[in-house]
Amino acid sequence: MKLYNTLSKKKEEFVPIEEGKVRMYVCGPTVYNFIHIGNARPMIVFDTARRYMEYRGYEVNYVSNFTDVDDKIIAKALEEGVEAEEISSRYIEECKKDMAAMNVRPATTHPQATKEIQGMIEMIQTLVDKGYAYNVNGTVYFRTRKFAEYGKLSHKNLDDLRSGERSLLVTGEDQKEDPLDFVLWKPKKEGEPSWKAPWSDGRPGWHIECSEMSKKYLGEEIDIHAGGEDLIFPHHENEIAQSECCNGKIFARYWLHNAFLNIDNRKMSKSLGNFFTVREIGEKYDLQVLRFFMLSAHYRSPLNFSEQIMESSRNALERIVTAVDTLKRTEAAAREEGLAAGEQEKLDAMKVYREKFEEAMDDDLNTADAIAAVFELVKFANTEAGEGSSKAFAGAVKKEIKELCDVLGLIAEKKEETLDSEIEAMIAERQAARKARDFARADAIRDELLEKGIMLEDTREGVKWKRA
């Protein structure tokens, strides 16, 4: 398997530190509101990476944090007149609901920053003792220039940062030794949550949080660190600096970053009115459609979200689900249990689609090409499986599609939906009208049901329905 490493700017063969095991850290959301669809991309992408590694036989220790102490959380708490913990706890639970709806598996560990403060204090103290950090009136800063390799992830030069690209400077005050030094610990302000530390009552800087949580749950050296490309600088750059100076080891071997998500070819922002939460999208689409959309492009390619593309994604996913549903019915109706003549040869020929799928995923997790392989398999199913197929053949083809979809986190089987009693009564009344040859009444009921979002289809097996 090859992965594109942001650190080296090239694809590299993935070789874990410990054979058969993967230690992976993915930066999670700051929990002050419902997660937006920009947050959803790394969740879906790296959940898929984890699934594929497990499919390949690796034991994956997957850690993804919740940042539950932050200026935005504090601002929201002040606005509502509640404690910051109430805000973060509420939105952690809401985030977990959205993740479940997107079929994102829970991490091995979901650490929360506020529960790991003591470890952060100890890490900062080590950096102070080693001369990599200094205290000014209760604020502790990291000496960026003391780490010779600073800039190796973002490929930025320290002197250029200082002289030319002023916007990239870490926010600074006059008390810092160097404008590029960043905060490890800051004193509390009135009304803010705080913890006791040797330097002041206060709270940690954002960057040290991930370094400590990664160290505690994965060890001082990890295989993969991942997140959105907006985190490369300064967040991940600073994580490397403080972790490697504290631990004296390489922090992460492979750095994976997903590209940005745009909305109708523009950057998502509240001011432009194109800001969508996952919850809002879920009101219009099954979130499996959102997951399919996210995986339909390579994770390092910018992705454009639009209603038109979401409709295309819904239709494409429906093709897969319909194929599996058809196979399920074929399997149930088949008279012959074992493989019929010629079916083993067909199953042998079918193996090429799994090979194409694996080849795509082994090439830097190319989910777009992996989905293309699934559609080739769907075409094979629609062509080769039918009324004369055996139970064994239809079942094997169905299993193949479901297994490959599961690696992508796509649920290929239709959800068993129930209708309320009023709708069921209307369908029964229509059936009775048809039997009585009252076709005008039957058509009127069909139209009424369509207005309620229920489409009917008359088949040899009876009437079937689906949501419009």
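Reader: Which residues of the largest nonpolar core touch the most other members?

Author: Keep in mind that this is a predicted model. Its largest nonpolar core has 88 residues, and at least three of them come from each of domain 1 (2-258) and domain 2 (319-408). The ones touching the most other members are I37, M102, I224, L290, F357 and I401.

Reader: Let's pick M102. What does M102 touch, leaving out residues up to four places away in sequence?

Author: Some of its contacts carry low numbers: I35, A40, M43 and I44 are among them. The others on the list are V278, L287, Q288, L290 and R291.

Reader: How many residues are in the second, separate core?

Author: This one includes C27, W185, F233 and I240. In soluble globular proteins, nonpolar side chains tend to be buried together. Here the second core's count is 40 residues.

Reader: Now the sheet: which strands are at its edges?

Author: Four strands make an open, parallel sheet, and their order is β4-β3-β9-β10. An edge strand pairs on one side only. That gives β4 (59-64) and β10 (252-258).

Reader: Which residue in β4 is the bridge partner of K21?

Author: Strand β3 covers residues 21-26 and pairs with β4 in the parallel sense, over six bridges. K21's bridge partner in β4 is E59.

Reader: What angle does helix α1 make with β4?

Author: Helix α1 (residues 37-55) packs on the sheet and touches β3, β4, β9 (222-228) and β10. Helix α7 (residues 232-247) lies across β9 and β10, at about 160 degrees to β9. For α1 and β4, the angle between their directions is about 165 degrees.

Terms used
Residues are numbered from 1 along each chain as its sequence is written. This is a predicted model: local features need pLDDT of at least 70, side-chain atom pairs count only at pLDDT 80 or more; totals for chains, interfaces and linings use all residues. Side-chain values use heavy atoms; hydrogens and water are left out. Two strands pair if DSSP finds at least two bridges between them. Helices (H or I, at least four residues) and strands (E, at least two) are DSSP runs, numbered from the N terminus. Contact means heavy atoms within 4.5 Å. Axes are lines fitted to C-alpha atoms, for helices over the stretch in contact, and angles run from 0 to 180 degrees between N-to-C directions. A nonpolar core is a set of buried Ala, Val, Leu, Ile, Met, Phe, Trp, Tyr and Cys residues joined through side-chain atoms within 4.5 Å. Buried means under 20% relative accessible area, exposed over 50%, partly exposed in between (1.4 Å probe, protein chains only). Domain bounds come from an automatic or database domain assignment.
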